[in-house]
Amino acid sequence: MKPIILHADLNNFYASVERVLYPELVGRPLAICGDREARHGIVLAKCEIAKANGVKTGDTIWQAERKCPNIIFRPPRFEAYVHYSKLVRNVYANYTDYIEPFGIDECWLDVTQSQIFGTGFEIAHTLKEQVKSTLGLTLSIGVSYNKIFAKLASDLQKPDAITTIYPEEVVTKVYPLPVENLLFVGRRTAEKLRKIGIYTIGNLAETDSYFLEKYLGKWGKILSSYARGEENTPVRHLQNKREIKSIGNSVTYHKDLKKYEDIKRLFYALAESVSARLKVANVGKATTIKIYVKDKELQSYSWQKKIAPTNLCEVIAQESFMLFRERYAFKHSVRLLGIAVSGFTDGIEQLSMDSLLENKQEKLEKIENTVQQIRAKYGFNGIQRGILLQEEHIGNIQAERLIAPAKIEGEIVDEDIKDIKTSDLKEDGE
């Protein structure tokens with residue numbers, strides 16, 4: 001029996017949730033963005049009306065206003081988005097236990113054993129109508145026999161649509177599509193493929209896989225099999241959650257950084273985000289820290305070191321900055337900085353003599369817990385570190401970045417959760 005795989009994608013998810021919560025926004029151009037008052041936030045998501053006016057994910061607020069003068073901005077409400085994401089997955093769980101999230105607004109579902117509810121197409125239609133009637137959200141659903149083609153199908157018609165890619169439809173529906181439509185073929189990989197005459201998924205499918213492996217490395221052969229529909233990775237069971245191996249964040253700054261004090265300031269902003277995400281992930285404390293640096297010549301570097309177990313912003317920022325000073329020669333100014341932490345303790349720690357003799361760690365934890373409580377009540381800007389107030393362009397990096405196990409410049413991501421710039425991600429809900 002051929003597997004029956006669905007890929008369900010919530011349309012314009014952030015904006016759609018805002019409209020459910022605030023019905024007066026229906027029919028009006030809407031964008032979800034970062035720090036509105038400081039006017040240096042970026043567009044994280046937008047509705048179809050804003051998109052039709054040229055607004056893109058990653059636009060600054062002033063760019064969005066120039067393209068769509070009557071646009072309404074709303075701050076991100078991640079708690080609400082997570083809540084609705086869970087509600088939608090509860091609907092999915094009525095039909096299958098095999099549900100694999102792909103970001104907050106997308107899931108694969110294996111309904112092969114769910115045919116008591118009908119065919120794959122009929123189940124997709126039931127899900128779409130139930131989510132719309134009970135939650136006020138719309139879905140685009142792809143129906144196919146593997147995860148790659150199910151995802152591809154869901155992208156072909158939006159919003160509020162169902163698209164099939166059955167085995168007999170591959171040649172007519174899939175092969176004529178641009179090669180970059182295939183999941184995990186990013187911009188750089190597509191450019192490399194076009195240089196050797198591969199413009200469509202069909203071209204990729206028909207190219208010798210061993211040649212592609214020599215040209216692109218091991219992923220060349222894998223992408224070749226994906227193009228031919230030979231991908232057979234199973235959809236994970238609900239109870240088989242993806243292990244988080246690393247948590248991080250990076251940012252390409254609006255200007256090149258030439259001074260240590262600017263580098264330190266940006267590391268603190270990144271550490272705020274990494275620390276917050278680490279605590280939310282509930283994986284204990286981190287024992288390894290890694291920094292990423294890209295200079296103005298676009299040369300990339302990365303270094304890592306072991307650290308005492310921590311989940312504190314202060315410690316993560318200090319260790320990152322020290323590692324930078326130790327390893328980066330500063331021949332060129334810096335374009336991008338990133339921090340990632342790993343080696344999680346899962347709540348199991350061995351106390352050292354130093355930790356028993358001093359209570360510095362405990363004091364820092366109390367301070368950061370207090371900061372977290374203030375921000376929960378009054379927002380991110382309710383309390384700020386003094387070092388961050390010296391630079392107007394540094395806002396809430398956590399709110400202006402998304403986490404997704406997705407594509408990074410055409411490379412296939414492993415089981416780690418990767419943090420990438422909003423501009424590198426697919427447009428929300430598209």
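1. Which residues is Phe149 in contact with, leaving aside its neighbours within four places in sequence? Contact here means heavy atoms within 4.5 Å, and the partners are Ser144, Ile165, Val170, Val174, Tyr226, Ala227, Arg228 and Gly229. Phe149 lies in helix α6, and it counts as buried because its relative accessibility is 0%; buried means under 20% relative accessible area, exposed over 50%, and partly exposed in between, with a 1.4 Å probe and protein chains only. One of these partners, Tyr226, is 77 residues from Phe149 in sequence, yet the two are 8.3 Å apart in space, C-alpha to C-alpha.

2. A word on the basis of these remarks. This is a predicted model, in which local features need pLDDT of at least 70 and side-chain atom pairs count only at pLDDT 80 or more, while totals for chains, interfaces and linings use all residues. Residues are numbered from 1 along each chain as its sequence is written, and side-chain values use heavy atoms, with hydrogens and water left out.

3. On the chain as a whole, the secondary structure comes to 15 helices and 14 strands, where helices (H or I, at least four residues) and strands (E, at least two) are DSSP runs numbered from the N terminus. Of the 430 residues of the protein chain, 50% count as buried. Among contacts between residues at least 6 apart in sequence, 65% join residues at least 24 apart.

4. Helix α6, which spans residues 147–156, is mostly covered, with 8 of its 10 residues buried. Those residues are Lys147, Ile148, Phe149, Ala150, Lys151, Leu152, Ala153 and Ser154, a list that includes two lysines. At the start of α6, a side-chain oxygen of Asn146 comes to within 3.2 Å of the backbone nitrogen of Ile148; a polar contact is a pair of N or O atoms within 3.5 Å, and within protein one must be able to donate a hydrogen and the other to accept it, with residues adjacent in sequence counting only if both atoms are side-chain atoms.

5. The loop between α6 and β8 (161–165) deserves a look at its backbone. Pro159 is found in this loop, and the peptide bond that leads to it from Lys158 is cis, with omega near -10 degrees. Asp160 has its place in the loop between α6 and β8 as well, and it has a positive phi of about 55 degrees although it is not a glycine. Asp160 counts as partly exposed because its relative accessibility is 28%.

6. Helix α11 (residues 218–227) has Gly220, Leu223, Ser224, Ser225, Tyr226 and Ala227 as its buried residues, and these pack against α6, α8 (187–195), α9 (201–206) and α10 (209–216). Gly229, which follows α11, has a positive phi near 80 degrees.

7. Thr207 is found in the loop between α9 and α10, and it counts as buried because its relative accessibility is 19%. Its side chain reaches the backbone oxygen of Asn203 at 2.7 Å. Not counting residues up to four places away in sequence, Thr207 touches Ile198, Leu212, Ser224 and Arg228.

8. Strand β10 (residues 286–295) is largely enclosed by the rest of the structure, because 7 of its 10 residues are buried. It is joined by 8 bridges to strand β11 (residues 300–310), and the two run antiparallel; two strands pair if DSSP finds at least two bridges between them. Tyr292 has Ser302 as its bridge partner in β11, and in the hairpin of these strands, which has 4 residues between them, Leu298 takes a positive phi near 65 degrees. β10 also pairs with strand β12 (residues 334–342) in the antiparallel sense over 8 bridges, and in β12 the bridge partner of Ile289 is Val341.

9. Phe330 is found in the loop between α13 (313–327) and β12. This residue has a positive phi of about 60 degrees although it is not a glycine, and Phe330 is buried, with a relative accessible area of 18%.
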